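Hi,

Here is the structure I said I would pass on. Have a look at it first, then read my notes below.

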Amino acid sequence: MNDFFSLNEQSRQHLDGFFTICMEFLCITDERGNIIKSNHVWETKLGYLTPELIGKNLIDLVHPNDVASLILAFKKLATENESLALSIRLHSNDGTYRFVTWQFQWVDGLIYSCAKDLTEIYHAKKDADSTKFLNNQLISILSNEIYEPLESLLLFLQLMTKTQSGSDQNICLENIRLSADFLENLINGMLAADKNNLTGHDVVSFNFHNTVEDAIIPLIVSAKRHNITIDLSIHPKIPPTVVGDPQRLKQIISFLILNAIKCLERGKISIEVTPENTNKAVFKIYFAVKTSGIAPLKDSTDDLFSINDSNRRANESNLNYGLELVKTLVETMNGKLSATHDHERGYEFSFHVLLLRDDTQNRKNNSSSPQRVLPMYNKNIRLKSEELLAIEQIRNDQTKAHNTAITERRPRILVVDDSPANTQLLAQALVENYEILVANNGNDALGLAQQVPVPDLILLDLNMPDMSGYEVCKQIQLEESTMAIPIIFLTTLSDTENEAYGLQSGAVDFISKPFDLTNVEKK
């Protein structure tokens with residue numbers, strides 16, 4: 001048998017020349033993977049000198065997770081005597097790994113191998129995927145968090161056109177200003193949450209109560225649109241004026257409430273603010289944001305926790321991007337965020353921040369006017385009742401316009417029959433006056449029945465393979481979103497017993513096959 005050692009001098013020179021000029025990994029091994037010859041690329045890219053590679057097994061140079069794949073490749077080469085490709089990781093002398101793709105060729109008992117280094121391409125793809133992920137996060141923030149205060153701005157502008165008195169217009173202008181400041185604050189918060197851009201934060205004297213309220217006001221309209229009320233309770237022991245970063249505090253509160261709004265279809269968000277010992281120069285203030293009410297139907301991508309542990313408690317590894325942003329902002333104020341979820345009690349977000357007493361300003365407030373009494377107050381923050389009613393009227397007008405558009409759409413009929421000829425016949429007969437959905441089996445029918453808007457009527461074949469019309473009807477009756485859809489059975493059975501059973505299953509009528517199309521439309 002010819003082998004590597006039986007090459008004549010001329011052939012050996014040609015082979016050595018090829019090994020010298022090639023810029024990719026080259027090696028020749030025996031059938032077990034022991035290296036007989038290698039080129040200089042092993043030294044330049046992995047740090048192995050040629051003498052130390054000779055006799056070494058190629059299996060010893062790959063990542064542990066790739067060993068099984070390489071052994072299987074060698075066995076396949078030995079039995080099939082063919083070429084094959086394989087992507088593995090090669091271990092370098094400095095402990096790192098290079099990502100390479102191999103081409104193996106079996107020739108007279110030896111394995112000739114060539115590998116292309118794809119490490120740079122792999123890392124470039126990884127960086128591109130990371131950039132794409134960050135872009136998707138930004139799009140999510142833009143489409144969710146920023147949309148809410150932007151809608152408040154537009155509603156206040158519409159409200160302003162409906163007001164007559166100067167004082168009411170001034171109130172609208174003030175709320176427009178607050179919403180605009182709120183938008184700017186959200187964007188600054190996103191930039192601040194990028195840890196590469198953190199440059200500290202401002203420490204100034206500010207009115208604590210007004211700052212908290214300013215963070216909430218632009219979101220009241222959005223909350224009401226979701227049938228959500230916001231209750232705020234500030235403990236009376238918290239001094240009116242404190243020292244800290246008011247903008248960062250507003251960012252934290254606003255982002256948390258935006259996340260809380262996502263948790264509810266309708267209900268209440270309660271915000272409770274309590275102090276530590278305010279006699280200290282530096283003290284903690286604790287915030288608790290709790291939701292109660294009806295949670296919306298969501299898919300997992302909307303969940304505030306990407307993973308939940310057995311206690312349903314969020315930790316640093318399982319917060320979604322919105323809460324990760326809040327967590328980062330809280331940490332810039334020397335605080336800590338925690339979040340929990342209980343199916344009965346809802347979501348609860350809590351955090352604390354460190355603030356300083358402003359004794360000079362508080363003494364000034366005390367001497368100039370009586371101290372503001374806040375007995376755990378709960379009010380609809382600085383929005384007049386008539387203003388809220390006007391906003392509600394704007395919303396109602398928009399809802400009516402939306403409902404009018406809905407009523408103008410054609411009724412939807414879902415036709416379910418395992419015979420395409422039957423569904424086509426019914427669709428052609430009804431398509432002029434109705435929007436037609438077609439399913440040829442029970443599983444497809446259940447999926448289409450839950451699409452929004454749900455069908456106004458289902459024509460359902462009784463005799464279908466895998467899942468009968470009776471079973472499909474039963475499943476539809478069990479779902480809250482579809483249980484009110486009227487169902488008419490399509491059947492070749494005309495006996496009284498089957499009709500009675502069908503009506504008991506939830507059907508409202510029967511249509512017998514072959515179809516009388518005139519009778520079908522009358523039904």
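Which residues are exposed on the other side of helix 13? They are Pro-420, Ala-421 and Gln-428. Exposed here means over 50% relative accessible area, buried under 20%, and partly exposed in between, with a 1.4 Å probe and protein chains only. Helices and strands are DSSP runs numbered from the N terminus (H or I and at least four residues for a helix, E and at least two for a strand).

Before I go on, a word on the source: this is a predicted model, where local features need pLDDT of at least 70, side-chain atom pairs count only at pLDDT 80 or more, and totals for chains, interfaces and linings use all residues. Residues are numbered from 1 along each chain as its sequence is written, and side-chain values use heavy atoms, with hydrogens and water left out.

Back to helix 13, which covers residues 420-430. Its buried residues are Asn-422, Thr-423, Leu-426, Ala-427 and Leu-430. Looking down the helix axis, these buried residues fall within an arc of 130 degrees, so they line one face of the helix. The arc is taken from the directions from the helix axis to the C-beta atoms.

Now the charges. The structure holds nine salt bridges, each being a side-chain nitrogen of Lys or Arg within 4 Å of a carboxyl oxygen of Asp or Glu. One of them pairs Arg-98 with Asp-117, with the closest N and O atoms 2.7 Å apart. Arg-98 sits in strand 4 (residues 97-107) and Asp-117 in strand 5 (residues 110-117), so this bridge ties together parts that are 19 residues apart in sequence. Both of these residues are buried.

Arg-98 also has a salt bridge to Glu-120, at 3.2 Å from N to O. That pair links strand 4 to helix 5 (residues 119-144), across 22 residues. Arg-98 counts as buried at 18% relative accessibility, whereas Glu-120 is exposed at 51%.

Further along the chain, Arg-412 and Glu-435 meet in a salt bridge, again with 3.2 Å from N to O. Here the link runs between strand 14 (residues 412-416) and strand 15 (residues 435-439), with the partners 23 residues apart. Arg-412 is buried at 8% relative accessibility, while Glu-435 is partly exposed at 29%. Salt bridges with shared partners also join Lys-45, Arg-98, Asp-117 and Glu-120 into one network.

What about the cysteines? A search of the whole structure turns up zero disulfides, taking a disulfide as a pair of cysteine sulfur atoms within 2.5 Å. For Cys-22, the nearest cysteine sulfur belongs to Cys-114 and is 5.1 Å away. Cys-22 is buried at 13% relative accessible area, and Cys-263 is buried at 2%.

Leu-53 is worth a click too. It is in helix 3 (residues 50-53) and is buried at 0% relative accessibility. Leaving aside residues up to four places away in sequence, Leu-53 touches Ile-35, Ser-38, Trp-42, Tyr-48 and Leu-61, where contact means heavy atoms within 4.5 Å. Its C-alpha atom is 9.7 Å from that of Glu-43, which is 10 residues away along the chain.

One last item, Leu-356: this residue is in strand 13 (residues 346-357) and counts as partly exposed at 34% relative accessibility.

Cheers
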